[in-house]
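Student: I am new to this structure and would like to learn about it step by step. May we proceed by question and answer?

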Amino acid sequence: MSDALDTGREVLRTEAAALRTLADAMPADFDAVVDLIAAATGRVIVTGIGKSGHIARKIAATLASTGTRALFVHPAEASHGDLGMIGDGDVVLAISNSGETTELRDIVAHTRRFGVPLVGLSSREGSTLMQTADHRLTLPHLPEACGIGMVPTTSTTLTLGMGDALAVALLRRRNFRAEDFSVFHPGGKLGAQMARVSQLMHRDGLPLVAADTPMSEALLTMTSGGFGIAAVVDGGDLLGVITDGDLRRNMVGLLDRHARDVATRDPVTAAPDMLAASALAVMNERKINVLVVCEGRAPVGILHIHDLLRAGVA
């Protein structure tokens, strides 16, 4: 086994052990911080510099994407005008592993001057930042995973983990759902997975035939619609669907029959507000390529697997 592989495993085990230590000894102020942020009328201003700054950006992004308004403010820029981004109703989350980062001085002073709640996130409970803060998220002071005790590894992993813990605790406090998450993630694969059937279905030119339609006419509807099916309706409600499989099973005397005689009754359908990914799962499970979309029992659209492929759901 290579030295590099051994080192990689050692680093990951060290950081994993640190996260377990944190989980077993959560900061005493954690609940109070969640309450504070949940009640805030403004934003969470996350700040830090160096590696802490990179982690702060990620925490702010995670909060913002899960329903908590958040913004990263660079401490150096704050000293040159960006303090104006911090106002009434905001909460400042200041991150510093040592708790003595001089670049945070002006932001900390600003919060004290204008009564903005300050949450300190650090591994040094006795540091200037933590003694000044209104609430303290104290991390366990554990060895860095680098082996020389200088490269931010364990400390940044713990900080990131604490940020995730805050974001998820707030997410659950707000009953934040997948539907809400999709509002902030409309693009890419994730956005496609969160799309609704109503966003992808065909609404016009639906291949509908009445129950007493002769099969000679139903066949024309199937072939002209481009979906390979005909939806059989009775009084506006879906009675069944006719697919290629139904045609093969009823070849003898097919043209002497009516749509109701050939259709598969009570077919599986989709609702307009169904997740597109869930519709795809139904198609895969039932080995079908098309779903009739219904509101109640009334057909309102057609969803083809090709629509899901084009949208990036599959």
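Student: Is K58 buried, partly exposed or exposed, and what is its relative accessible area?

Tutor: This is a predicted model, so the values that follow are computed from it. Partly exposed covers the range between under 20%, which is buried, and over 50%, which is exposed. K58 falls in that range and is partly exposed, with a relative accessible area of 35%.

Student: With which residue does K58 form a salt bridge?

Tutor: The closest N and O atoms of the pair are 2.8 Å apart, and a salt bridge requires such atoms within 4 Å. K58 belongs to helix α3, and its partner belongs to helix α7, 106 residues apart from K58, so that the pair links distant parts of the chain. The partner is partly exposed, with a relative accessible area of 30%. The residue that forms the salt bridge with K58 is D164.

Student: How many salt bridges does a search of the whole structure find?

Tutor: Side chains of opposite charge can pair when their charged atoms come close. The pair K58 and D164 is a salt bridge. For the whole structure, the search finds a total of seven.

Student: Which residue meets D134 in a salt bridge?

Tutor: D134 lies in the loop between α6 (128-132) and β5, and its partner lies in helix α5 (residues 105-114), so the pair ties together parts that are 22 residues apart in sequence. D134 counts as partly exposed at 37% relative accessibility, and the partner counts as partly exposed at 34%. The N to O distance is 2.8 Å, and the partner of D134 is R112.

Student: R310 and D307 also meet in a salt bridge. Which of R310 and D307 is buried, and which is exposed?

Tutor: The N to O distance of this pair is 2.5 Å. Being three residues apart in helix α15 (residues 305-311), R310 and D307 are separated by about one helical turn. R310 has a relative accessible area of 62% and is exposed. At a relative accessible area of 6%, the buried residue is D307.

Student: Which residues of helix α1 are buried, and where on the helix do they lie?

Tutor: Helix α1 (residues 3-24) has 22 residues and reaches 32 Å from its first C-alpha to its last, close to the 32 Å expected at 1.5 Å a residue. Its buried residues are E15, A18 and L22. Seen down the axis of α1, these buried residues fall within an arc of 55°, so they line one face of the helix.

Student: Which residues of α1 are exposed on the other side, and what does the cover of its buried residues include?

Tutor: On the other side of α1, the exposed residues are R13, R20, A23 and D24. The buried residues of α1 have a cover that includes α7.

Student: Which residues form a nonpolar patch on the surface, and what is their accessible area together?

Tutor: One member, M150, is found in the loop between β5 (135-138) and α7 (154-173). M150 counts as exposed because its relative accessibility is 66%, and exposed means over 50%. The patch is formed by I148, M150 and V151, with an accessible area together of about 330 Å².

Student: What separation do the C-alpha atoms of G50 and H74 have?

Tutor: G50 lies in the loop between β1 (44-47) and α3 (51-65), and G50 is partly exposed, with a relative accessible area of 44%. Along the chain, G50 and H74 are 24 residues apart. Their C-alpha atoms are separated by 10.0 Å.

Key. Residues numbered from 1 in each chain as written. Predicted model: local features only at pLDDT ≥ 70, side-chain atom pairs only at ≥ 80, totals over all residues. Heavy atoms only, no water. Patch = residues over 30% accessible without salt bridge, like charges linked within 9 Å, V, L, I, M, F, W, Y side chains within 5 Å. Areas by Shrake-Rupley, 256 points an atom, 1.4 Å probe, with all protein chains shown as cover. Salt bridge = Lys/Arg side-chain N within 4 Å of Asp/Glu carboxyl O. Helix = DSSP H or I, 4+ residues; strand = E, 2+ residues; numbered from the N terminus. Buried < 20%, exposed > 50% of the residue type's maximum accessible area, 1.4 Å probe, protein only. Expected span 1.5 Å × (residues − 1). Arc of directions from axis to C-beta. Contact = heavy atoms within 4.5 Å.
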